[in-house]
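Q: Please take a close look at one part of this predicted model, namely the way its helices pack around the nonpolar core. I would like one connected account.

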Amino acid sequence: MAYTNINDLDPLITSAEVISIAMVNATFDTQLITPSVIKIAEIAHLEKPLSREFYEELVTQHDAGGVLNPFNQILMDDYLTRCLAWFVKLEAMNEIQNNITSSGVMTNIDDYSVKVTPAEFNMMKIDVDRKAGLFLQDMLDFLNDSVVITNYPTFKNNIHDTDIMGDGTANKKGGIIFY
């Protein structure tokens, strides 16, 4: 399979969808969730579990006017959007808490807020990751169903694949072996 550059294609969801699904505050600023953060969440959390080929199929269909085939639309509506929204929240949390300016890194806080401790913030991130993982597992359970899987011929369950380089070999970096 030839490598297709999907980085310039539209993200699978919008910041407004992320806010409506994964944020408590409906008036959350959509500008804090950029398309690049959404794309990072897609690549970091969905590309490998769905397989590169199936992920490319989804983003290519979505970019072409947002017209997915009927089976991919069901996956998008019932599973993928919700799962991805929580992973985007996870990826965006650091930028939401802190803002990089020409003066340095600033903590976003107003007159009525109290900054959380690093331990509390990490606990929140762990909880968001747990929730996103539950939605991912629900989606993979759906895709792996013996009746449903025939509707998704490019899907390959790679959730436990540890080959980070994509070449099927063990890779060594800094004294740590990656398979």
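A: Axes here are lines fitted to C-alpha atoms, for helices over the stretch in contact, and the angles between them run from 0 to 180 degrees between N-to-C directions. In this predicted model, the axes of α2 and α4 approach within 8 Å and cross at roughly 125 degrees. Because angles of 65 to 115 degrees count as roughly perpendicular and those over 145 as roughly antiparallel, α2 is oblique to α4. The crossing of this pair is right-handed.

On the α2 side, the residues that take part are Val37, Ile38, Ile40, Ala41, Glu42, Ala44, His45, Leu46 and Leu50, and they meet Leu80, Cys83, Leu84, Phe87, Val88, Leu90, Glu91 and Ala92 of α4. Sorted by class, this contact of α2 with α4 holds 14 nonpolar residues, one polar residue and two charged residues.

Helix α4 also packs against α5, where the two axes come within 9 Å and cross at roughly 160 degrees. With that angle, α4 is roughly antiparallel to α5, and the crossing of α4 and α5 is left-handed. The residues in the contact of α4 with α5 comprise 18 nonpolar, three polar and six charged ones.

These helices can then be placed in the core. The largest nonpolar core consists of 44 residues, and Ile33, Leu50, Leu75, Leu80, Val88, Met139 and Leu143 are those with the most contacts inside it. At least two residues of this core come from each of α1 (15-22), α2 (35-50), α3 (52-63), α4 (70-97) and α5 (118-144), while the largest share, 14 residues, is supplied by α4. In soluble globular proteins, nonpolar side chains tend to be buried together.

Leu75 gives a view of this core from a single residue: leaving aside residues up to four places away in sequence, Leu75 touches Phe54, Leu58, Leu80, Met139, Phe142, Leu143 and Tyr152. Leu80, one of these partners of Leu75, is also among the α4 residues that meet α2.

For the chain as a whole, there are five helices and four strands, and from the N terminus on the elements follow the order α-α-α-α-β-β-α-β-β. Of the 179 residues in the chain, 36% are buried. Finally, among contacts between residues at least 6 apart in sequence, 66% join residues at least 24 apart.

Definitions and conventions
Residues numbered from 1 in each chain as written. Predicted model: local features only at pLDDT ≥ 70, side-chain atom pairs only at ≥ 80, totals over all residues. Heavy atoms only, no water. Core = buried A, V, L, I, M, F, W, Y, C linked by side-chain atoms within 4.5 Å. Buried < 20%, exposed > 50% of the residue type's maximum accessible area, 1.4 Å probe, protein only. Contact = heavy atoms within 4.5 Å. Parallel < 35°, antiparallel > 145°, perpendicular 65-115°, else oblique. Left-handed = near helix turned anticlockwise from the far one by under 90°. Nonpolar A, V, L, I, M, F, W, Y, C, P; charged D, E, K, R; others polar.
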